[in-house]
Amino acid sequence: MLIKNPKLSRRRFLAAGGAAATVLAVGSNVSVMKAVASSKNTNTGKGDTKHIYSCCAVCVNKCGFIAEVNNGVIRKLNTNPNFFKSRSMICARGNAGAKIPYDPDRLKSPLLRVGERGEGKWKKISWDEAYSYITENVMKLIKEEENRSTIAFAATEGMQEEFYLALASTIGSLNTVRHPTLCLASNIQGYSSVYGTFPDGDLLNSKFVVMCGSNRAEAIITPDTIDMAKNKRNQTLVCIDPRATKTTAIADKWYPIKPGTDLALVLAVINHIISNDLYDKAFVEQWTVGFDELKESVKKYSIDWAANETEIDAKEIKWLAEEFAKNAPASVWYPGRRSSFYSNDVYYRRAIAILNAIVGAWDKPGGLVPKSAVPLKAHEIIYPFYDLVESRIDTGKLDFIKDMVDEYARGVIPTDAGVYLSEKDGSWPIFREAILKREPYTVRGMFVYKQNPVESVPNRAKTLEMMKQLDFICTIDTQMSDTAFFSDIVLPESTYLERWDPAHNLSGIQPIVVFRQPVIEPLHNTKSMFDMWVDLTKRFIDIPEFWEDTTEDDKEYFVEQFEKMLKPEHPIEHLIEYQLSGHKDGFKKLMENGCFWIHEKPVFGTTYKKGKFKTRTGKAELFSQRYLDKGLEPLPVYTAVPQPEPGEFRFVVGRHGQFTHANTQNNMWLLEAYGDTENACWISAKVARERGIKSGDRLKIKSEVGEETAKALVTEYTRDDVVYYVHGFGRLSQGLTNIYKKGASQAAVIKDYVDTISGNAALHETFVTIEKA
């Protein structure tokens, strides 16, 4: 199924994709790849040509590659045959990363705002001027508020993020907020409540896979995306999604489920498996607790009832349940990574985890498998104990939270607090609301690293209002994101192709370690986050007033550790060597292969060898006493989600193969592959006929919190009651010249409901109206 027809020939796509097509042909056998490709950091070919190991940063997968650099210019990013996590492949999106250092829109020097916020008036300043501006503002706000936590820190994941969080610790703020509550926080919480960990699905060996809301053909996760395609002949793939994605194109069955009823489906499947004795009795008896309570709880969820709720035929639900049980333990109801669908999403994730457990699909080939990691050493710095530090703003009892929970969920999740918030991650929706309400105290400054909350956090108008309320905003990025555009000062980070990054553990069924080294010298007046942390920390060390609320001993001990870390001539290289020092020749192997591993083949059965799960009871907790003690439902309970009124549509989100969230839309190679410079709003053919809408017509999409305009894409591949458009368009930053004010923004129309158990944003609870513009 081709929803779009990109204006890109096959020849041009292969050119843009580099080695991807070649690798795809032989990537099923790593040893074959090793025979046909080998690269080292040596000069080869004509002129000054080098092949240099590093890893990608275009998405979260961090796939290993070999950069081909000729006379100091990146010519191509080739696959690293040793990097088995991507099955020795690199995608076209990753290959487009070669353009990033040469992007005319990239940030090239520190910039200070000289006009109003959002006016786009900047002046170039030196790093010395930038550091002076930052330290003066930080000192001013801390002194006036008598609270170091008045400075907030927002970030997304990355291999230099640890140094950004180190800056937060140096300054002494407890207010850090990260990307997981816009991503997979509810997934992690739901699965962890059952297994004590968030597992991977072994798609390479699975015989029966259910993708419910996951779109692995476009939202690429290695090795799952590759394994799903490679194992197609031996696997039944079922897609459950209100719209047909590219994953649906390779699926055996597609169920366009009524949005909001996913939990009803899973509970009915559990009931059918239990009531027909299709579950794994030996596993349930030895390795789980709470089965009797579960059995009683799901009796009311019949297949006929679920068919009425989900609008999936009862015969299909019966088939789904029986096939899932029959193929176990090589069955996976895929965990996915997408953010909360609804406010009660943790209960849905718990139900999926329970379903996999009762059929014994745990820690065996083809089932769910706990992640493992390569042990790495870490440098630890003990930060001073400061007196002027308040607790996080998004924890504790907060009256405003009740307004962030849709009415239907108020009886099953808390309405006055976030229950399981990570002390490092927090909850973006609650965090922002606390700043706006100035509860429990006032936050006046914010650093932002690599993240773009203006476009990534639901309800863009609120994010802009929050930023107006702040006295100081510093954004660190490689491009002029929307958030950077509304900041006071912008610091340019060197791209991942121009810097060293520490060794990083890619945990999973086949854990592997990657690192980064410069493949070219920095092209502009940029720095790594590590260098910025070091430079700013040195500045603060030299300010006596900065240390007035701690002891001299604490300061001296911190400074001693900090300076010790910087003693080597090349501190990041030295750090990497130290990280690998627990493995014989670890650093040498890492540099020779571009990655480091202990074993290539997956390891199954660690749970059974250890004799317990990582839970309070040591077993898979179908019934959660921990949840009951917190006032939560100990077993998943279905609550009907409100459906759109006549004339309304549910807005749903999803991913596209060319883009990583809202980060890569300005990349011309990827825009060309996408086939357009703006997104389009999917609307069902039936609704379009009724309203006289044709593809290409301009539509006005309006919600309770915002309004956007986009062209129509009339399609048979979506339900009549939903609309959708690709994330990352309709941008406000004039610095993103290829996509500035082109298309429609998701953040502008999605309402900011929250799942209070995990703190995740609930992205599928927004209703919109559609009319011709």
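How much surface does the chain expose, and what share of it do carbon and sulfur atoms supply? In this predicted model, the exposed area is about 29600 Å², and carbon and sulfur atoms account for 49% of it.

The overall dimensions come next. Along the principal axes, the C-alpha atoms occupy a box of roughly 70 × 60 × 60 Å. The radius of gyration is 26 Å, which agrees with the value near 28 Å for a compact globule of 773 residues. Of these 773 residues, 62% are buried. The secondary structure consists of 27 helices and 28 strands. Among contacts with a separation of 6 or more, 75% join residues 24 or more positions apart.

The charged side chains can be counted in the same way. There are 99 positive and 99 negative side chains, and 7 Å separates the centres of the two sets.

One element illustrates burial at the local level. Helix H7 spans residues 185-195, and because ten of its eleven residues are buried, H7 is largely enclosed by the rest of the structure. The buried positions begin with Ala185, Ser186 and Asn187 and continue with Gln189, Gly190, Tyr191, Ser192, Ser193, Val194 and Tyr195. Which elements cover them? The cover includes two helices, H15 (345-358) and H25 (625-629), together with strands S13 (331-333), S14 (368-369) and S20 (620-621). After H7 comes Gly196, which has a positive phi, near 85 degrees.

Methods
Residues numbered from 1 in each chain as written. Predicted model: local features only at pLDDT ≥ 70, side-chain atom pairs only at ≥ 80, totals over all residues. Heavy atoms only, no water. Helix = DSSP H or I, 4+ residues; strand = E, 2+ residues; numbered from the N terminus. Rg over C-alpha atoms; globule rule 2.2 N^0.38 Å. Buried < 20%, exposed > 50% of the residue type's maximum accessible area, 1.4 Å probe, protein only. Contact = heavy atoms within 4.5 Å. Areas by Shrake-Rupley, 256 points an atom, 1.4 Å probe, with all protein chains shown as cover. Lys, Arg positive; Asp, Glu negative; His and termini not counted. Charge placed at Lys NZ, Arg CZ, Asp CG, Glu CD.
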